[in-house]
Amino acid sequence: MSDSARGAVAGPDGKLRCPWGLSAPDYLGYHDEEWGRPVRDDAGIFERLCLEAFMSGLSWLTILRKRENFRAAFDGFDMKAVAAYGEDDVARLLADAGIVRNRAKIRAAITNAGAALAVEAGLAALVWSYAPQQPAPAPATLDDLPSASAEAKALSRELKRRGFAFTGPVTMYSTMQACGVVDDHLAGCFRRDAYR
């Protein structure tokens, strides 16, 4: 991507957007309607946590295109259902060509469902308790976006302490971005501060 395209760029409707939101047709709706919108329910946070873990080492576009398959395969990311999965479910998921078939990530989703159910205040409350005290200034370009933050590192440590897997600082920061815990829409993007 050229330096000039690293800041907000005009889309087909003339609105300025984060450039990644225009890099593939599948991204447009995700950027405009979902990414950065606050998610405050446990099921929504759990789904994004799982999907971000499955993305590790892959592109988000791959996961986004398989999202409905993931929802079907994982019972709509119902935490109680996923926590109850056994070896037959692991085998079923490993045979499902519609999702990313990675044994460690599948087992992590099952482990994380059980760990999430054990969070007394709820998973969403726990994740949101790590929201930055002061919002960061709007990033001007994609180069201004961090891969992790102090809050994401602290949340990662807490989740690991509680038995979660595949919840490293980068994965947690991506989850925080996706769930609107941080607003990383670029300065000039029409979605910047839209949900605050």
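# Rings, core and helix α6

Q: How many aromatic pairs are there, and what makes two rings a pair?
A: The count comes to 10 aromatic pairs. Rings of Phe, Tyr and Trp (its six-membered ring) pair if their centres lie within 6.5 Å, with planes under 30 degrees apart called stacked, over 60 edge-to-face and the rest tilted. Bear in mind that this is a predicted model: local features need pLDDT of at least 70, side-chain atom pairs count only at pLDDT 80 or more, and totals for chains, interfaces and linings use all residues. Residues are numbered from 1 along each chain as its sequence is written, and side-chain values use heavy atoms, with hydrogens and water left out.

Q: Why is the Trp20 and Tyr30 pair called tilted?
A: The ring centres of Trp20 and Tyr30 are 6.2 Å apart and the angle between the planes is 55°. That angle fits neither the stacked nor the edge-to-face range, so "tilted" is what's left.

Q: What does the Trp20 and Tyr30 pair tie together?
A: Trp20 sits in the loop between β2 (16-17) and α1, and Tyr30 is in helix α1, so the pair links parts 10 residues apart in sequence. Helices here are DSSP runs of H or I with at least four residues, strands are E runs with at least two, and both are numbered from the N terminus.

Q: How do you know whether Trp20 and Tyr30 are buried or exposed?
A: Buried means under 20% relative accessible area, exposed over 50%, and partly exposed in between (1.4 Å probe, protein chains only). Trp20 comes in at 18% and Tyr30 at 7%, so both count as buried.

Q: What makes Phe70 and Phe74 a stacked pair?
A: Their ring centres are 6.4 Å apart and their planes meet at 20°, so the pair is stacked. Phe70 is buried at 0%, and Phe74 is buried at 0% as well. Ring pairs also link Phe70 and Phe74 into a cluster with Phe46, Phe54, Phe77 and Tyr85.

Q: Which residues touch the most other members of the largest nonpolar core?
A: Of its 58 residues, Phe70 and Phe74 do. α2 gives the most to this core, with seven residues. A nonpolar core is a set of buried Ala, Val, Leu, Ile, Met, Phe, Trp, Tyr and Cys residues joined through side-chain atoms within 4.5 Å.

Q: What makes the end-to-end distance of α6 agree with its residue count?
A: The expected span of a helix is 1.5 Å times one less than its number of residues. For the 15 residues of α6 that gives 21 Å, and the end C-alpha atoms are 22 Å apart, which agrees.

Q: Why is the link between Glu34 and Arg67 called a polar contact?
A: A polar contact is a pair of N or O atoms within 3.5 Å; within protein, one must be able to donate a hydrogen and the other to accept it, and residues adjacent in sequence count only if both atoms are side-chain atoms. The side chains of Glu34 and Arg67 are joined at 2.7 Å, so the link passes the distance cut-off. Arg67 is in helix α3 (residues 60-73) and is buried at 6%, while Glu34 is buried at 17%.

Q: How do you know how many disulfides there are?
A: A disulfide is a pair of cysteine sulfur atoms within 2.5 Å, and the structure holds zero of them. For Cys50, the nearest cysteine sulfur is that of Cys179, 11 Å away, so Cys50 is in no disulfide. Cys50 is buried at 4%, and Cys179 is buried at 0%.
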